[in-house]
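Please open the structure in your viewer and keep the selection tool at hand. This tour moves from one selection to the next and says what is there.

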Amino acid sequence: MLCLFSMMLALLLQSCYTEAFILSNPTSHIHIYHHPLTLASSLSETENNAQVTNDDNNDNDNMMNDVVSYYGDISVESYEHKTFKKLTYLYKKASPGREGDRPIILIHPVGIGLSSWFWKKVMMMQMQSFTTNSEEDECNNDYTNRTNNSSNNSNGNPPIYAPDLIGCGIDHGGDAWNPNENGLFFPLGWVEGVETLMNDVIIPRWYEEQNNGKKKSASSLSSSPLSRFFGVRQNNQNNDATSSDDDGAGCLVIAQGGLASVGIMLAHRNPLHVRNLMLTSPPTYDEITTPIPQSELRTNYDFLRSPVLGKLAFSLLENRSIIQFFSNLFLFDDDCDEEWLDETERESRYAEARTPVQVFNAGLLQHRSLEGELKELVRSTSVVVVSGEGDKRVLDRQLYRDELGKKCTLTSIGGCNVLPWENADGVVELIKKLGY
């Protein structure tokens, strides 16, 4: 694990990221290049001049608006990010007594008709923190003997957020992304959108709950980048001594499928705020660490953006029967349900919803290896890799454990490739084991 000195040093040192960038003018196309970035937790973070800087003077009240009831006690809310005036997210308020508990951030997959609704079943579940003393989990301190600072075995759920990644959630009222007008890095652009939600909404709201309604702006909270947010982790039942950097806690990030890269970068760039990372049905370790050739990326993206062939392909793939066929073939252990099809239809009816799918299907999230980030983040973050029992890639994910060591736990639950939808109960049980 990182000691406090190492974490302070990490905030000051720059890392060199290689990012796929969609240029906006004169027409959108891919460009791969290197640029320096500091960890997002750093107070003095600067970005490449192609990026628009955030306005840290926005007050918390201006960032949480347009609250719309979505499903039961889940609401759709919105916030601003750079040039995007309205990015949306699903929010489930903490149950009474759990307002100060560590939040959960859910990263949805990208595909035909997909957005944050993917997490609806998990968000609807009731959670109850508990402690465990399983020998098989003894290797992973964050996976065992955990309780929240204010929710010792309390019923209900902690605060839960499911952001719509940039360009997704059109049906929720979010801004569309037009690559001819706004260039974006990938996967960095999606990561930064979630970071804005974290810094401008989640942390200020958590602070308010902890301080009897007292509010602070996002800028004033970010003035102490070494502060530990989201509660204080208690010692485990065996009274094992914790290291100097082990006295705080952070939120849980869960990323689904090919969006593992967003979860990995989010955890790597925010070691003070993300304590646990769960990857459900992620690419294999080889896939996440082997770049797709640049020529292949360009060919894929140009085809998907084609006004003739690309448009024809999307028109076919957005058909309800085709969605059902491929969902049953590749995603579900059993047949997909009607609710799944209804939700995909709602989002895919918007032509603007195609742009993030074009980026993902072209392979831009795999334009470079994330091995460096993975091996660095496990010094401060525990990783749980979850596979479906019907997934043929279960054995191929063994490399996560082999390469990342004891801070990485492998587990399997019933289902195939869309576990949070197929088996929400199983995913929630894993969340409970992490003490959320």
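In what follows, a helix is a DSSP run of H or I with at least four residues, and helices are numbered from the N terminus. The model is a predicted one.

Begin with the largest pocket, which has a volume of about 1100 Å³. Select Val110, Phe330, Leu331, Phe360 and Asn361, which lie nearest the centre of this pocket among the 42 residues that line it. Next, colour helix 7 (285-289), helix 10 (320-331), helix 11 (338-348) and helix 12 (354-362), each of which supplies at least two residues of the lining. Which helix gives the largest share of the lining? That share, eight residues, comes from helix 10. If you colour the lining by class, you will find 22 nonpolar, 14 polar and six charged residues.

Now select helix 4, residues 188-210, whose 23 residues reach 31 Å from the first C-alpha to the last, close to the 33 Å expected at 1.5 Å a residue. Pause at Met198, where helix 4 bends by about 35°. Of the 23 residues of helix 4, 19 are buried, so this helix is largely enclosed by the rest of the structure. Beyond helix 4, go to Asn212, whose phi is positive, near 55°.

Finally, select Pro103, in the loop between strand 5 (84-92) and strand 6 (104-107). Is Pro103 buried or exposed? Pro103 counts as buried because its relative accessibility is 1%, and buried means under 20%. Add Tyr436 to the selection: although Pro103 and Tyr436 are 333 residues apart along the chain, their C-alpha atoms are separated by 7.9 Å.

Note on methods. Residues are numbered from 1 along each chain as its sequence is written. This is a predicted model: local features need pLDDT of at least 70, side-chain atom pairs count only at pLDDT 80 or more; totals for chains, interfaces and linings use all residues. Side-chain values use heavy atoms; hydrogens and water are left out. Buried means under 20% relative accessible area, exposed over 50%, partly exposed in between (1.4 Å probe, protein chains only). On a 1 Å grid over the protein atoms alone, a cavity is a set of points where a 1.4 Å probe fits but cannot get out, and a pocket is an open set with protein on both sides within 12 Å along at least five of seven lines; lining residues have an atom within 4 Å of a point. Grid points are joined across faces, edges and corners, and a volume is the space filled by probe spheres set on the points. Ala, Val, Leu, Ile, Met, Phe, Trp, Tyr, Cys and Pro count as nonpolar, Asp, Glu, Lys and Arg as charged, and the others, Gly among them, as polar. The expected span of a helix is 1.5 Å times one less than its number of residues. The bend at a residue is the angle between axes fitted to the seven residues ending there and the seven starting there.
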